[in-house]
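Student: Could you take me through the aromatic side chains of this model in one careful account, looking closely at how the rings sit against their surroundings?

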Amino acid sequence: MRMTDRPPLPKPPPRIYTKAMQKVAAAADPAAAAEVLTGAEIVVRCLRDEKIEFIFGYPGGAALHIYDALYRQDEVKHILTRHEQGAAHAADGYARATGRPGVVLVTSGPGVTNTITGIATAYMDSIPMVVICGQVPRHLIGDDAFQEVDACGVSRPCVKHNFLVNDVDELALTIKKAFYIATTGRPGPVLVDIPKDVTAQTAPYRYPQQIRIRSYAPVHRGHPGQVRKAVQLLRDARRPMIYTGGGVVQSGGAAAAALTDLVRILGYPCTNTLMGLGAFPASDKLFVGMLGMHGTYEANMAMHHCDVLLAVGARFDDRVTGELSTFCPYAKIIHVDIDPSSIGKNVKVTVPIVGDAGKVLADMVAVLRGGGGDSHNQHLGSWWKQIEEWRAVDSLRYDRGSALIKPQFVIEKLHEVTKGEAFVTSDVGQHQMWAAQFYNFDRPRRWINSGGLGTMGFGLPAAMGVRLGHPGATVCCVTGEASIIMCIQELSTCKQYDLPLKIINLNNRYMGMVRQWQEFFYDRRYSHSYMDALPDFVALAESFGHKGVRVEHPGDVESALAEAISDKDRLVFMDFITDQTENVYPMIAAGKGHHEMHLRSADSGDGGAPAERELA
Amino acid sequence: MEERRRIISILMENEAGALSRVAGLFSARGFNIESLTVAPTEDSTLSRMTLVTGGDEAVIEQITKQLHKLVDVVKLMDLTDGRHIQRELMLVKVEATGEAREEVKRLVDIFRGNVVDVGETLYTVELTGAGGKLDAFLEALSPNRIVEVVRSGISGIARGGRALTVR
């Protein structure tokens with residue numbers, strides 16, 4: 001990687017410590033006199049001791065001491081993005097793909113406000129992230145100083161927690177707390193705001209191995225009595241359904257394995273949310289597809305008709321439930337979540353279980369296996385027969401004979417060419433739904449998208465983070481011509497760090513999802529959803545030093561993908577000119593129930609469009 | 001579902017920004033706050049907050065869970081779940097001239113308040129009690145005599161052995 005190509009490190013000037021400083025260091029820990037470091041050095045050492053591989057950032061005045069400390073070491077690698085939003089998304093993508101916390105370093109004022117969209121994105125999807133930002137010196141705080149913003153104030157609604165460090169002696173402990181809070185319980189972003197003068201002061205450095213915060217004690221194990229109750233309810237079900245979300249992905253690989261065990265032992269149907277895809281293999285017959293607004297007919301109908309619903313690490317989001325008053329009308333609900341406030345927030349729950357998804361699922365499997373008796377449920381036959389009838393509707397069908405490139409076809413081919421093993425990031429809109437519907441993820445942490453906040457511009461920088469976390473892996477960014485423009489500057493970062501991403505631009509010259517809603521619900525008044533004056537994406541990619549390819553015919557799709565994927569060295573930007581009129585089906589209009597899906601009409605026109613105008 | 005008024009007592013870290021986290025939570029999630037009082041406890045690392053809110057059972061459950069989720073919140077208790085004491089402090093500036101001067105004084109005595117400042121035409125009255133008592137005092141004064149009212153909001157504590165403490 002090119003990041004090591006730089007002039008050899010100059011020797012840092014010898015540092016002179018006063019006797020008083022050394023005395024403080026010795027007094028604090030008589031066993032081993034702690035090294036006295038500046039605040040900036042402490043920040044970098046904390047990251048090293050936290051075993052942080054990469055940080056994503058952008059320098060500026062208030063962060064310069066920290067950047068100077070970074071320059072004088074080689075262990076923590078800094079990735080310079082071209083915009084602070086890109087840094088936050090890249091750290092987020094890294095965290096989603098690896099399970100390790102993403103770290104962001106930015107300066108005060110605009111540096112930190114530019115990260116807010118990225119922080120909010122991570123917050124909505126519960127992604128572990130630590131954002132370190134410079135702040136103006138303490139004596140200037142509150143004076144409307146140059147590049148001053150109340151970072152704790154502006155970030156408060158979208159962080160798990162935040163800190164303003166007022167004392168260099170508290171710095172290491174605060175950073176430790178930040179990582180602890182970000183990565184435990186329901187994960188989330190934590191911001192640490194450090195005034196510039198604090199980074200210049202010195203303190204003895206000691207990084208605590210373990211900490212305890214009296215006001216913060218996340219639960220891990222589910223209550224055993226509740227687990228047994230849940231298993232009994234599942235066994236007694238006539239029309240069971242298992243619905244899992246991002247919590248199973250976030251909990252770690254063991255959670256997905258435990259889920260897979262549970263579903264296969266029971267033989268019950270399983271659906272995943274947009275955030276949960278890959279936690280249960282899509283290639284398994286027991287998988288009925290994604291649920292929700294653009295979920296499959298069989299998944300949503302099974303949700304509507306089930307009598308026992310097991311929900312794990314999912315939060316009954318409005319895009320999943322549709323109209324709450326008609327949601328799962330016949331079901332007793334078991335809800336497993338690490339965040340107690342998620343349970344009972346939107347729907348009434350029969351068996352609540354607070355705990356880590358992986359541990360609770362493993363406990364459920366143990367109860368099932370240890371319970372003895374016949375775990376075969378004799379009602380399953382008729383339930384599966386019904387589900388297969390729904391499945392036969394083939395709600396994801398599209399016109400395969402079209403002379404224009406259908407976006408679904410591109411994703412299907414991408415799956416074939418990458419053998420289903422790529423990491424796929426996406427932006428937000430129609431392309432995101434098609435990627436979710438057609439890539440068929442078999443493993444967790446392979447599908448990286450902004451589900452909760454729905455952030456356009458997420459896909460490219462997230463893909464950079466994914467690739468850095470998995471060097472050598474095939475990383476694809478499925479995007480649209482509207483989304484990709486929002487963080488296009490990161491193509492420059494990809495060049496600097498040799499990140500050979502594969503960008504699949506499904507270019508329909510419209511903000512597709514906005515256009516779809518305007519077609520359905522606004523009498524085809526396409527208000528500002530048309531992308532006029534688009535760039536020549538091939539030339540654009542080439543101007544950044546990458547390879548650009550335009551694909552205009554269905555017959556060229558597979559070969560273009562195959563060639564791009566086999567190019568291990570270069571970023572390839574593929575601009576697929578797709579059918580402008582294609583819509584995402586099936587669809588539940590906002591405010592409708594799972595049983596009121598709109599399907600594509602038989603002649604593959606848009607006759608399945610919802611007739612009523614529902615606004616949401 | 002039935003809407004009920006609740007008094008929630010919160011023990012939280014005495015950190016900068018802790019109050020704004022609570023206030024921000026209520027505005028972001030659309031919960032209502034009737035009153036909020038906060039001050040450090042005998043342990044200067046902890047603050048005690050008494051929050052009066054209302055809502056049906058589901059809303060109150062969400063409020064308590066969301067408060068619990070705040071990293072700075074150590075413990076909380078819904079005082080209205082059990083027997084409890086609630087007190088509020090009120091300072092009232094009242095016109096007191098002529099015959100009314102005696103009448104106001106008598107009223108203050110009946111309500112077991114104190115006149116804490118005396119001017120030529122004004123009394124400043126201090127009164128402590130449950131909210132209803134303070135309301136009753138204001139009703140007993142004729143409204144055109146009231147110059148200014150300051151109320152602290154409720155502070156509450158559980159009766160008996162129930163206590164909200166880290167020990």
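**Aromatic rings and their surroundings**

Tutor: In this predicted model, A:Arg446 lies over the face of A:Phe423, at 4.2 Å from the ring centre. A second arrangement of this kind involves A:Arg515, whose charged end sits over the ring of A:Tyr510, 5.7 Å from its centre. Both distances fall under the 6 Å limit that is applied between CZ of Arg and the ring centre.

Turning from charges over rings to rings beside rings, a search of the whole structure finds 18 aromatic pairs over all chains. One of them joins A:Tyr243 and A:Phe316, whose ring centres are 5.2 Å apart and whose planes meet at 80°, so the pair is edge-to-face, given that planes over 60 degrees apart are classed in that way. Because A:Tyr243 belongs to strand E9 (residues 240–244) of chain A, while A:Phe316 is in the loop between strand E12 (308–312) and helix H14 (318–321) of chain A, the pair ties together parts that are 73 residues apart in sequence. Both partners are covered: A:Tyr243 counts as buried at 0% relative accessibility, and A:Phe316 is buried with a relative accessible area of 2%.

In chain B, the rings of B:Phe111 and B:Phe137 have their centres 5.2 Å apart and their planes at 75°, so this pair is edge-to-face. Here B:Phe111 comes from the loop between helix H3 (99–110) and strand E6 (114–118) of chain B, and B:Phe137 from helix H4 (residues 131–140) of chain B, so the contact ties together parts that are 26 residues apart in sequence. The accessibility of B:Phe111 is 16%, so this residue counts as buried, since the cut-off is under 20%, and B:Phe137 counts as buried at 0%.

Aromatic residues also gather in a group, as A:Trp517, A:Phe520, A:Phe521 and A:Tyr585 form one aromatic cluster.

Two further aromatic residues appear in a helix of chain A: A:Trp434 and A:Phe438 are among the buried residues of H18(A), which also include A:His431 and A:Met433. Nine of the nine residues of this helix (residues 430–438) are buried, so H18 of chain A is largely enclosed by the rest of the structure. After H18(A) comes A:Asn440, with a positive phi near 55°.

As a counterpart at the surface, B:Leu89, B:Leu91, B:Val116 and B:Val150 make a nonpolar patch of about 290 Å². Of these, B:Val150 is placed in strand E8 (residues 146–151) of chain B and is partly exposed, with a relative accessible area of 41%.

Key:
Residues numbered from 1 in each chain as written. Chains lettered and ligands numbered in written order. Predicted model: local features only at pLDDT ≥ 70, side-chain atom pairs only at ≥ 80, totals over all residues. Heavy atoms only, no water. Patch = residues over 30% accessible without salt bridge, like charges linked within 9 Å, V, L, I, M, F, W, Y side chains within 5 Å. Areas by Shrake-Rupley, 256 points an atom, 1.4 Å probe, with all protein chains shown as cover. Salt bridge = Lys/Arg side-chain N within 4 Å of Asp/Glu carboxyl O. Helix = DSSP H or I, 4+ residues; strand = E, 2+ residues; numbered from the N terminus. Buried < 20%, exposed > 50% of the residue type's maximum accessible area, 1.4 Å probe, protein only. Phe/Tyr/Trp six-rings, centres within 6.5 Å; stacked < 30°, edge-to-face > 60°. Lys NZ or Arg CZ within 6 Å of the ring centre and 35° of its normal.
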